Each structure stands twice: as structure tokens, then as C-alpha cells.
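Student: I've got a model open and I'd like to push back on the labels people hang on it. Can we go through them one by one?
Tutor: Sure, put it up and start asking.

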Amino acid sequence: MSLKPDWIEDNKFLVALALLMALLVYGVELGSFTLSIDEEVAAYEPASWKVWLSQGRWGMALLLKLLPNFTYIPYLATLLFCTLLGLSSVYFAKQFFSDTKEAAVFVVLFVAAPIWLHVAEFNTLSWGVGIALVVCAFSVHLFKQKKISSSIFAIICVGFTTAVYQALVLIYAMMLLMLVMKDWHQKASSDSTEFHFSTMLMPLVRLGFSVALSLGFYLLVQKIAMMFVPIQITHVGTFVHIGDYLENPGATFLSAGHKIARLITGTDASYLDWGWAVLILPWLGSLACLRYAFSLSTRPRLLLMQLLAALLLLFLTFSLVLLAAGSLPLRAVIGFPLLCAVLGTLGFRSLKKWPVTRVIVMVYSTIICIWMAAFLFGLDALARQRDEVMATKISVEITRVAPVYLNVVPVVFVGEWTHQPVQGVSNVEIFGTSFFQQDGGNRFRMLMFMRLIGTTNIESKPLSTIKPFLRDIERMPSWPAQGSIAQVNGVVVVKLSAPSYQQKIELGL
């Protein structure tokens, strides 16, 4: 399939379906505005592009230089993300499935995948990921042309997508690897002769070179950018746990394995106990792949190469989970939606003898995904409403106990706050997290949130300010009890709970 000028016209049904699914899944977020985590920073940070550059994401920094900063306002970021997610899904679908029905199934499964919800939750990031997904699709198109100029351009494009969000390079690698596996399958069906290993390895070598050179280009531009903007790399190191593997390899591998197993089996908390409904078609697709593998018993070379490629595909999908020892946020496991969409479509195909059954299963799974999106975005909206009410009450109490001669009140926040559960769920990763909870009670986030809703007469002080008075603060009740906000040595202490784990480390406890 080529990217012709009339590509949308040629695929108008799939494009319409993709946009409809995006509307159904992200309608709650599009129709309302909730200030999510990190958006309070974007609202006050005049040079947000530097923050992205410090995270090794020069692509996001470049986009913020080229476009106005709309990451903390309603609608636009989510609209861009879900629209471009839909368009990229159509291109990916047509690479694997020529049948329109099967391509439509892929589109629905890809767009509705729950992992994308955790990307869309971040207005600061989601729109860039949407742009990068389209660029990634274009990169695949360039790579398939097998021309030197196209290959070089593909390397540049993939380097850019990696610089927007590092995990996106895995989608590029997975796409090319699955296309190689598809090509092997098609050639085996039309040619009865046995493949040679050298012939089968060549596309894998070309794929590897493309990914390696793309990463090299990404790192080169990052290095050059940091020469002109003297900043230090931050954030990335928190997701790399090489030291844990060196210190305790068994427990670390086990932790990462448990996370991967929960994602595959649908038992991860992020599925809200409905993982089986979301993954039923991918599970059926996995069985179909096993049946295909057994059919290759008389073609040992092809079977071996397909098995090795399948293992490599699984490794690429969950490589970042392994690197982070299982502590990786779901928004970074973005290869999983691609794998599930392909397997789910194969599962749909395997039910062709029961057309009514497979339609029912498909519709049911889609409804669950839409419900999950509505619940999570609704949970987040409720958390913001609770935060606003809570912040208003805290502001009133601060004013009441603060010294009257102070125009700007020094405040120390102690502990963290977690909202009461809704249907047994208090938060799912960032969804439903309070600004008074994030990072174990991050004082800067709390301060910026309170400023955004109108409390501008306070300044946040570090916990060390009140360290000599910890015993007195221990005797204070926690919010919202009377006395949970009090003046201690000229500083207003807001005690949300006992000091959190992060705060104890800060205090040296």
C-alpha cells in the first residue's frame, strides 16, 4: 500500500471507523476539561521545551518551538492525539490485512486499546505522541521502498519519533519485524522449496541496521542540542534499573516477569477486573499462531525462524518493562496495543465458522474498552473536583491560622492525601490521583495547583523547615480533622497524613 494523495479517499470507511472509535473512547475527555498531572507545571513553566530536552526528548522540544503551548488547555491536545492515533491505525491495519473486515477489526482494537488511555491522560505529551505515530507510519512506508534515499529519510523520521517518546522506536521495530514474518508466511504458501537461513536473515539485518542508525541519529541530535542548551539529563534514569539486576537479579527478573504476566493474563489492576474481556480476541489469536506453528513441523527452518522472530517480537513488546524491573508506567508499554491488535484480528479470523459469535465477541470487547475509558476519565474528573474543594478549604484554614502581618504565608505540607475509592477504585496509575498525593506529596505540585485555582498568597517551604518540631507535628491530627492545619514557629503546617515514604527520605528518617 502506498501513501497516495487520495489515500484517505481510498480508505474512507476505515478512516471514518477509526475516527468514530476515537470519539467513543475519548469523548469524555474531549467533552470536559480536567487539569491532569504535569499540566500545572506547563501552565507556569515559560520554557517547557527545556524540560522535554532534559528528558532526552528533543522531538517534543522542537514541536513546542514550532507550535503554541496548548498543553494545559482543553480539547486540542486530546483531539490531535485521538485523530492521529486513528489515522495511523488505518495505515498499520492495511499493512497486515487486505480484507476490509479484518482491517476494520484491527483499527477498532488498536484505537480502543486501554494502554493509549494512559498516554491521552497527559495533555502535555499525548499530542506529540499522535504526531509521532503518523511519522512512524510514514517511516515504515519509506523503509518498504528499499531505496537509499528513502531509507535515510526513514532513519531521520524514526529518530524524530524516538525523540518525541523513546518507546515509539519499538513500534517501528515491531511493525517491520511482523511484516518480515508475514512475508515469510506468504512466500512459504506460494513456494514449496525450503528457505535458506541467509535469505531469511537479510531483512532482519536490514531492520536492525535501520533501528540502530535511527537511535544513533536520535542520540547525536540530543548530544548536539545539549551542547547549545546546558542542561542535565533527568527523569530517564528513574526508569532504568540496571543496578537492581546487578544487586539482586533473581528478584528483579521476578518482579518484571510478574508485571508482564499480569498484562498478558489480564489480571493487572489497570484492566479494572475486565482484562479477560479486553484480551479474549488476542488470546484466540495466540492459539491460532500456535496452530500455525504446529503446521510448520515439516518446514523446520521456517518454523525455527518464525519462532525466533516471535520471541524477538515479545521481547521488543516488553523490553522496557524488563529494563524498568516492572515499575514502568503503562503509558510506555505502547508496543502492546500493536501486538494485541494483530493477534486480536487473527483471533477474529479464527472464528470465521461462527460469524455471529465473533461479531458478538468483538462488540462486547469494544464496549468494555469504551466503558473503561469513560470510567477512568470520569474518575480523574471527580478527583479534580475533590481537589478543588479540598484546596479551597485548606486555603481558608491557612488564612485563619496564619500570622496577620504576613502578605505571603510560608506553608509546609506534611504527608499525602488519597481520595476515597469509587466502586472500589481510588486511582489507576495517574487516573484519579490527587494533586495532594502525587510523588508522595510533592509540595511544588500542590503549590502550583492551589495557585491555579486562585490561592496566590502562599509559598511552599521544604520539610526541613519544621524538622525540629516533628514531635509536635506527630501529635497533630490529619486532614480534615480540626487542628490539622496549625501555625508552628511562624510557619503554617498542613498535615495531610503521616510523612510519606518520599518525605521520610527527604527528612533523613
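Student: How many helices and strands does the secondary structure of the chain come to?
Tutor: This is a predicted model, to start with. Its chain comes to 22 helices and four strands.

Student: What makes the chain as compact as a globular protein of that length?
Tutor: Set the value against the rule: the radius of gyration is 25 Å, and the globule rule gives 23 Å for 509 residues. Those two are close, so the chain counts as compact in that sense. The C-alpha atoms fill a box of roughly 90 × 55 × 50 Å along the principal axes. As for burial, 52% of the 509 residues count as buried.

Student: What share of the contacts joins residues at least 24 apart?
Tutor: It's 77%, counted among contacts between residues at least 6 apart in sequence.

Student: And how much area does the chain expose?
Tutor: About 23300 Å², with carbon and sulfur atoms supplying 66% of it.

Student: Why is strand 4 called largely enclosed?
Tutor: Buried means under 20% relative accessible area. Five of the five residues of strand 4, residues 491–495, are buried, so the rest of the structure largely encloses it.

Student: Which residues point which way from strand 4?
Tutor: Val 491, Val 493 and Lys 495 point one way, while Val 492 and Val 494 point the other way, and all are buried. In a regular strand the side chains alternate between the two faces of the sheet.

Student: How do you know which strands pair with strand 4, and are they parallel or antiparallel?
Tutor: A pair needs at least two bridges. Strand 1 (residues 409–414) is joined to strand 4 by four bridges and runs parallel to it, with Val 411 opposite Val 492. Strand 3 (residues 485–488) also has four bridges to strand 4, but here the two run antiparallel, and Ala 486 has Val 493 as its bridge partner. The hairpin of strand 3 and strand 4 has two residues between the strands, and Asn 489 takes a positive phi near 55 degrees there.

Student: What makes a positive phi worth flagging?
Tutor: Most residues other than glycine have a negative phi, and most peptide bonds are trans. Asp 38 is not a glycine, yet its phi is about 85 degrees; it sits in the loop between helix 2 and helix 3. Asp 439, in helix 19, also has a positive phi, near 60 degrees.

Student: Why is Asp 38 called partly exposed?
Tutor: The class runs between 20% and 50% relative accessible area. Asp 38 is at 26%, so it counts as partly exposed. Asp 439 has 35%, so it gets that label too.

Student: Where is the cis peptide bond, and what is its omega?
Tutor: It joins Trp 479 and Pro 480, with omega about 10 degrees. Pro 480 is in the loop between helix 21 and strand 3.

Student: What makes Phe 197 eligible for a nonpolar surface patch?
Tutor: Patch residues need over 30% relative accessible area and no salt bridge. Phe 197 has 35%, so it clears that area cut-off. The patch covers about 830 Å², and its members include Phe 197, Leu 201, Phe 209 and Leu 304. Helix 12 and helix 16 each supply at least two of its residues, and helix 12 gives the most, with five.

Student: Last one: what covers the buried residues of helix 5?
Tutor: The cover includes helix 4, helix 9, helix 10 and helix 12. Among the buried residues of helix 5 are Trp 58, Met 60 and Leu 63.

Technical notes
Residues numbered from 1 in each chain as written. Predicted model: local features only at pLDDT ≥ 70, side-chain atom pairs only at ≥ 80, totals over all residues. Heavy atoms only, no water. Patch = residues over 30% accessible without salt bridge, like charges linked within 9 Å, V, L, I, M, F, W, Y side chains within 5 Å. Areas by Shrake-Rupley, 256 points an atom, 1.4 Å probe, with all protein chains shown as cover. Salt bridge = Lys/Arg side-chain N within 4 Å of Asp/Glu carboxyl O. Buried < 20%, exposed > 50% of the residue type's maximum accessible area, 1.4 Å probe, protein only. Rg over C-alpha atoms; globule rule 2.2 N^0.38 Å. Contact = heavy atoms within 4.5 Å.
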